[in-house]
Amino acid sequence: MKICCLFFLVLLTACSRPPPSTSRISLLLSPNHRSVQFNGLDKLVIGELSRNTNTHVWQSLVPVYAMPEDTDLKSYQPIQPGRYEVNDSIITFTPDTPFVKGKTYFVRNYQLDAANHLADYIRGGAKVGSRKYIDLIFKP
(Lines give C-alpha, C1' and ligand atoms only; values in the text may rest on other atoms or scores of the structure.)
Protein backbone atom coordinates (compact mmCIF):
# COMPACT_ATOMS: atom_id res chain seq x y z
CA MET A 1 0.00 0.00 0.00
CA LYS A 2 2.84 2.39 0.85
CA ILE A 3 4.46 1.69 -2.49
CA CYS A 4 1.21 2.50 -4.33
CA CYS A 5 0.84 5.78 -2.42
CA LEU A 6 4.46 6.69 -3.12
CA PHE A 7 4.05 5.85 -6.80
CA PHE A 8 0.86 7.94 -6.97
CA LEU A 9 2.61 10.89 -5.26
CA VAL A 10 5.54 10.72 -7.69
CA LEU A 11 3.12 10.51 -10.60
CA LEU A 12 1.26 13.63 -9.43
CA THR A 13 4.41 15.70 -9.02
CA ALA A 14 5.73 14.56 -12.40
CA CYS A 15 2.53 15.67 -14.13
CA SER A 16 2.37 19.12 -12.59
CA ARG A 17 2.95 22.12 -14.85
CA PRO A 18 6.09 24.18 -14.48
CA PRO A 19 5.55 27.75 -13.28
CA PRO A 20 4.98 30.21 -16.14
CA SER A 21 8.13 31.93 -17.28
CA THR A 22 8.21 35.68 -17.01
CA SER A 23 10.50 37.54 -19.30
CA ARG A 24 12.78 40.18 -17.90
CA ILE A 25 12.50 43.18 -20.19
CA SER A 26 15.23 45.76 -20.07
CA LEU A 27 15.27 49.17 -21.72
CA LEU A 28 18.27 51.03 -23.03
CA LEU A 29 18.18 54.53 -24.48
CA SER A 30 20.45 55.29 -27.40
CA PRO A 31 23.26 57.75 -26.63
CA ASN A 32 21.50 60.50 -28.61
CA HIS A 33 18.13 59.70 -26.90
CA ARG A 34 16.42 59.27 -30.29
CA SER A 35 15.46 55.64 -29.79
CA VAL A 36 14.89 53.05 -27.09
CA GLN A 37 15.92 49.40 -27.23
CA PHE A 38 13.98 46.50 -25.70
CA ASN A 39 15.85 43.40 -24.68
CA GLY A 40 14.49 40.25 -23.07
CA LEU A 41 11.26 39.70 -24.99
CA ASP A 42 10.24 36.11 -25.63
CA LYS A 43 12.29 34.80 -28.58
CA LEU A 44 9.23 33.04 -30.00
CA VAL A 45 7.37 36.35 -30.12
CA ILE A 46 10.32 38.16 -31.73
CA GLY A 47 10.75 35.38 -34.29
CA GLU A 48 7.10 35.53 -35.34
CA LEU A 49 6.82 39.29 -35.38
CA SER A 50 10.18 40.03 -37.02
CA ARG A 51 8.67 38.82 -40.30
CA ASN A 52 5.82 41.30 -39.96
CA THR A 53 6.53 44.93 -40.86
CA ASN A 54 3.10 46.15 -39.74
CA THR A 55 3.66 48.75 -37.00
CA HIS A 56 0.23 48.02 -35.50
CA VAL A 57 1.36 44.50 -34.57
CA TRP A 58 4.40 45.80 -32.71
CA GLN A 59 2.35 48.48 -30.99
CA SER A 60 -0.01 45.81 -29.68
CA LEU A 61 2.91 44.05 -27.94
CA VAL A 62 5.28 46.84 -26.78
CA PRO A 63 3.62 50.24 -27.23
CA VAL A 64 5.43 53.39 -26.11
CA TYR A 65 3.50 56.22 -24.44
CA ALA A 66 4.20 59.67 -23.04
CA MET A 67 3.51 59.73 -19.29
CA PRO A 68 0.56 62.02 -18.45
CA GLU A 69 0.65 64.45 -15.53
CA ASP A 70 -2.09 62.42 -13.81
CA THR A 71 -0.75 58.86 -13.78
CA ASP A 72 -4.28 57.49 -13.28
CA LEU A 73 -4.82 58.35 -16.96
CA LYS A 74 -1.96 56.17 -18.27
CA SER A 75 -4.33 53.71 -19.94
CA TYR A 76 -5.98 56.50 -21.95
CA GLN A 77 -2.87 57.90 -23.63
CA PRO A 78 -2.34 57.69 -27.39
CA ILE A 79 0.43 55.40 -28.58
CA GLN A 80 3.64 57.16 -29.56
CA PRO A 81 3.94 56.64 -33.33
CA GLY A 82 7.25 55.39 -34.64
CA ARG A 83 9.24 52.65 -36.29
CA TYR A 84 10.23 49.26 -34.83
CA GLU A 85 13.34 47.41 -36.01
CA VAL A 86 14.55 43.95 -35.01
CA ASN A 87 18.24 43.10 -34.79
CA ASP A 88 18.89 39.62 -33.38
CA SER A 89 16.89 39.63 -30.12
CA ILE A 90 16.86 43.41 -29.62
CA ILE A 91 13.95 45.57 -30.72
CA THR A 92 14.66 49.24 -31.39
CA PHE A 93 11.85 51.78 -31.32
CA THR A 94 12.46 55.16 -32.95
CA PRO A 95 9.58 57.64 -32.54
CA ASP A 96 8.35 59.80 -35.42
CA THR A 97 9.04 62.88 -33.29
CA PRO A 98 12.09 62.76 -31.01
CA PHE A 99 11.70 62.11 -27.31
CA VAL A 100 11.59 65.33 -25.29
CA LYS A 101 14.48 65.57 -22.86
CA GLY A 102 13.25 65.52 -19.26
CA LYS A 103 9.77 64.20 -20.15
CA THR A 104 8.78 60.79 -18.81
CA TYR A 105 7.71 57.96 -21.11
CA PHE A 106 6.69 54.39 -20.49
CA VAL A 107 6.59 51.12 -22.38
CA ARG A 108 3.68 48.77 -21.72
CA ASN A 109 4.87 45.20 -22.17
CA TYR A 110 2.07 42.67 -22.53
CA GLN A 111 2.93 39.29 -21.07
CA LEU A 112 2.00 35.98 -22.67
CA ASP A 113 0.22 33.50 -20.41
CA ALA A 114 -2.05 30.48 -20.75
CA ALA A 115 -5.09 32.63 -21.59
CA ASN A 116 -3.34 34.83 -24.16
CA HIS A 117 -1.37 33.03 -26.81
CA LEU A 118 0.91 34.48 -29.45
CA ALA A 119 -1.78 34.16 -32.11
CA ASP A 120 -4.09 36.41 -30.05
CA TYR A 121 -1.51 39.20 -30.11
CA ILE A 122 -0.83 38.90 -33.80
CA ARG A 123 -4.51 38.92 -34.75
CA GLY A 124 -5.41 41.51 -32.11
CA GLY A 125 -8.05 39.14 -30.73
CA ALA A 126 -7.10 39.30 -27.05
CA LYS A 127 -9.91 40.87 -25.03
CA VAL A 128 -9.46 44.21 -23.28
CA GLY A 129 -8.54 43.69 -19.65
CA SER A 130 -7.56 40.06 -20.19
CA ARG A 131 -3.92 40.77 -21.04
CA LYS A 132 -1.41 41.17 -18.22
CA TYR A 133 1.25 43.81 -18.62
CA ILE A 134 4.06 45.64 -16.90
CA ASP A 135 4.91 49.30 -17.40
CA LEU A 136 8.57 50.22 -17.79
CA ILE A 137 9.28 53.90 -17.20
CA PHE A 138 12.14 55.83 -18.77
CA LYS A 139 13.22 59.45 -19.08
CA PRO A 140 15.49 60.68 -21.89
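1. Arg-83 sits in strand β4. The model is predicted, and the points below should be read with that in mind. At 45% relative accessibility, Arg-83 is partly exposed, because that value falls between the 20% and 50% cut-offs.

2. Contacts of Arg-83. Setting aside residues up to four places away in sequence, Arg-83 touches Thr-92, Phe-93, Thr-94 and Asp-96. Thr-92, Phe-93 and Thr-94 fall within the span of β5 (90-95). Asp-96 lies 13 residues from Arg-83 along the chain, and the two C-alpha atoms are 7.3 Å apart. The side chain of Arg-83 also makes a polar contact of 2.9 Å with the side chain of Glu-85.

3. Gln-80 is in a loop. That loop runs between β3 (64-66) and β4 (82-87). Is Gln-80 buried or exposed? Gln-80 is buried, because its relative accessible area is 11% and the cut-off for burial is under 20%.

4. Contacts of Gln-80. Neighbours within four places in sequence are left out here. Gln-80 is in contact with Val-64, Tyr-65 and Ala-66, among others; these three positions make up β3 (64-66). The list also includes Gln-59, Phe-93, Pro-95, Thr-97 and Tyr-105. Phe-93 is a contact of Arg-83 too.

5. The largest nonpolar core. This core has 21 residues. Which of them touch the most other members? They are Phe-38, Val-62, Val-64 and Tyr-84. At least two core residues come from each of β2 (36-39), α2 (43-49), α3 (55-61), β3, β5 (90-95), β6 (105-111) and β7 (132-138). As a general matter, nonpolar side chains in soluble globular proteins tend to be buried together.

6. Val-64 links the loop to the core. Val-64 is in contact with Gln-80, and Val-64 is a member of the largest nonpolar core. Beyond four places in sequence, its contacts also include Phe-38 and Tyr-84, both named above among the core residues that touch the most other members. The remaining contacts of Val-64 are Ile-79, Phe-93, Phe-99, Phe-106, Val-107 and Phe-138.

7. Overall fold. The protein has four helices and seven strands. Along the sequence they follow the pattern α-β-β-α-α-β-β-β-β-α-β. Of contacts between residues at least 6 apart in sequence, 61% join residues at least 24 apart.

8. Burial and surface. The protein has 140 residues, and 34% of them are buried. The exposed area is about 9,500 Å². Carbon and sulfur atoms supply 57% of that area.

Methods. Residues numbered from 1 in each chain as written. Predicted model: local features only at pLDDT ≥ 70, side-chain atom pairs only at ≥ 80, totals over all residues. Heavy atoms only, no water. Buried < 20%, exposed > 50% of the residue type's maximum accessible area, 1.4 Å probe, protein only. Contact = heavy atoms within 4.5 Å. Areas by Shrake-Rupley, 256 points an atom, 1.4 Å probe, with all protein chains shown as cover. Core = buried A, V, L, I, M, F, W, Y, C linked by side-chain atoms within 4.5 Å. Polar contact = N/O pair within 3.5 Å; in protein donor to acceptor, adjacent residues only side chain to side chain.
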